[in-house]
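Hello,

Here is the structure I promised to pass on to you. Please have a look, and then read on for what turned up.

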Number of protein chains: 2
Amino acid sequence: MAKKTILVVDDEQDLLDLIEYNLKKEGFKVLKAENGQEGIEVAKEHKPDLVLLDIMMPKMDGLEAVEIMRKDDDLKRIPIIFLTARSDENTEIESLNKGGDDFITKPISTTKLVSRIKAVMRRFGEAGDTLNKLEVHDLEIDKDRYIVKRGDDEFQLPRKEFELLFFLASRRGKVMDRQTLLNKVWGDNIYVVDRTVDVHVRKIREKLGDHYIETVKGVGYRFKE
Amino acid sequence: MAKKTILVVDDEQDLLDLIEYNLKKEGFKVLKAENGQEGIEVAKEHKPDLVLLDIMMPKMDGLEAVEIMRKDDDLKRIPIIFLTARSDENTEIESLNKGGDDFITKPISTTKLVSRIKAVMRRFGEAGDTLNKLEVHDLEIDKDRYIVKRGDDEFQLPRKEFELLFFLASRRGKVMDRQTLLNKVWGDNIYVVDRTVDVHVRKIREKLGDHYIETVKGVGYRFKE
DNA sequence: TAAGTAGGTAACAATTTCTTCATTATACAT
DNA sequence: ATGTATAATGAAGAAATTGTTACCTACTTA
């Protein structure tokens, strides 16, 4: 599965760095922001998979930020874990009612933080609004079944071909360069020659016809709009 | 759907009553127990659909109770949500690792409690564990009797083989990877090599023919649509 | 206790998939 | 139109994955 992105919002720079260090070590991608307002901007731009949100911050505090996020269609389904120094019951209840998904009091142990994050992600992940079925042109690309259908024909593509097709198709119209494709489909620390992508594209075309994936010379490939 | 039963295990009588009140209001049937040992007895007798389990309790604490439940064939697939007091960090981590399906820290808002319960149930419910008799293709897979029929032929598969077949068949078409199969069929914190799945698949194919379970290389297995 | 059953592991053979590389074709700029 | 960079193609070998068999252990039953 692709690397999960976590946005950490806290005004204490030191804590921010510490958390970043630990989360990266666990294989997460980390974004940072120093107050609620900035946090929301970053969230809007990058759509993280989870937000760690400090409650007490200058400019815009965590509770306000949540309220805004929960009203935003793009952000309202992102899970939020609160961080706070106060271990004060009222705040806790309040924050959970406002729509937080969990609550952690500082000081924070790394292990605890990570297990909480994983637990919350699992909770959301399985409720799942991950899109596993694409319908584009006359194709139906079903990731649950690892099958591509066109009318009554079914194509069983090998894994890499399927995943490449799925990735391109889920970003219809957008040109993806080879390196990006390798990173997203093959994985981040894999080393293969980027021409490998060409070969897989060719195989997909061989099976499905060459009118789905377009070549953009000098740039990469694109799934036809 | 029939009324779902929830077993609540906690040594604080007040909290027990409060939770009972709220869950009943939501239409659940509620069972109560005051310690782990009692909890397990009740669970064995009534097979609840979900267990809410306090971690700190006299006699037998929640962690012990889970370990026992996860080893009991009748109980190991019942979802468990832990209740923990905020103060106790270490047990929290431990509980996640022991294979709870969620955890909730006290105090918690009622709404949150109910929505978590529903979420976990949905997660497990989708599995179609309610249905005990599947008819797929020319097979009739009967979980009450652990027997597979095809026409007049009856096949008596060993337990694991049967459960694997049943699980795959109840998710017809969907590719399941080995790890998921192990988690769902063998149990959450069982340690076996994932290739074990292959061997069981082979045995099933040997008995029923190899046109039911399909291999998706690099991904997992799938029951033929 | 022996024999039988079930479940798990390990080894290696069989197969499929992936990657690379050399060659040929194509698009694009000048 | 021509040269150059880039992509398509074909084919071989490497790598990865699965199938298959044999064997081990634990447990049950005669």
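Before the helices, one cut-off: a residue counts as buried here if 20 or more other C-beta atoms lie within 10 Å of its own, and as exposed if 12 or fewer do. Please also keep in mind that this is a predicted model.

Let me begin with α8 of chain A. This helix has 13 residues, and its first and last C-alpha atoms are 19 Å apart, close to the 18 Å expected at 1.5 Å a residue. By the cut-off above, V197(A), H200(A), V201(A) and I204(A) are buried. They lie on the same side of α8(A), because they cover an arc of only 100° around the axis. The other side of the helix has V199(A) and E206(A), which are exposed. The background to this will be familiar: an α-helix has 3.6 residues a turn, so residues three or four places apart point the same way.

Now for α8 of chain B. Its length is 13 residues and its reach from first to last C-alpha is 19 Å, again to be set against the 18 Å expected at 1.5 Å a residue. Buried in this helix are V197(B), H200(B), V201(B) and I204(B). Viewed down the axis of α8(B), these buried residues fall within an arc of 105°, so they line one face of the helix. On the face turned away from that buried side you will find the exposed residues V199(B) and E206(B).

Both helices come up again at the DNA. Around DNA strand C there are 23 residues, and the closest are P158(A), K160(A), V193(A), P158(B) and R159(B). Four helices each supply at least two residues of this surface: α6 (159–169) and α8 (196–208) of chain A, and α6 (159–169) and α8 (196–208) of chain B. By type, the residues of the surface near strand C divide into 10 nonpolar, 3 polar and 10 charged.

DNA strand D has 15 residues around it, of which R202(A), T215(A), K217(A), T215(B) and K217(B) come nearest. Here the elements that give two or more residues are α8 of chain A and α8 of chain B. The largest share, 5 residues, comes from α8(A). The surface near strand D is made up of 4 nonpolar, 4 polar and 7 charged residues.

Finally, the sheets. In chain A, 4 strands form an open antiparallel sheet in the order β6-β7-β8-β9. Its edge strands are β6 (133–136) and β9 (153–155), each of which pairs on one side only. From one strand to the next, the twist averages 20°. β6(A) pairs with β7 (residues 139–142) of chain A in the antiparallel sense over 4 bridges, and within this pair L134(A) stands opposite I141(A).

Chain B has an open sheet of 4 strands too, with antiparallel pairing and the order β6-β7-β8-β9. At its edges are β6 (133–136) and β9 (153–155) of chain B, each paired on one side only. Neighbouring strands of this sheet are turned by 20° against each other on average, direction ignored. The antiparallel pair of β6(B) and β7 (residues 139–142) of chain B has 4 bridges; in it, V136(B) has L139(B) as its bridge partner.

Happy browsing, and best wishes

Conventions. Residues are numbered from 1 along each chain as its sequence is written. Chains are lettered from A and ligands numbered from 1 in the order in which they are written. This is a predicted model: local features need pLDDT of at least 70, side-chain atom pairs count only at pLDDT 80 or more; totals for chains, interfaces and linings use all residues. Two strands pair if DSSP finds at least two bridges between them. Axes are lines fitted to C-alpha atoms, for helices over the stretch in contact, and angles run from 0 to 180 degrees between N-to-C directions. A residue is near a molecule or strand if its C-beta atom, placed from the backbone, lies within 6 Å of it. Ala, Val, Leu, Ile, Met, Phe, Trp, Tyr, Cys and Pro count as nonpolar, Asp, Glu, Lys and Arg as charged, and the others, Gly among them, as polar. The expected span of a helix is 1.5 Å times one less than its number of residues. The arc is that of the directions from the helix axis to the C-beta atoms.
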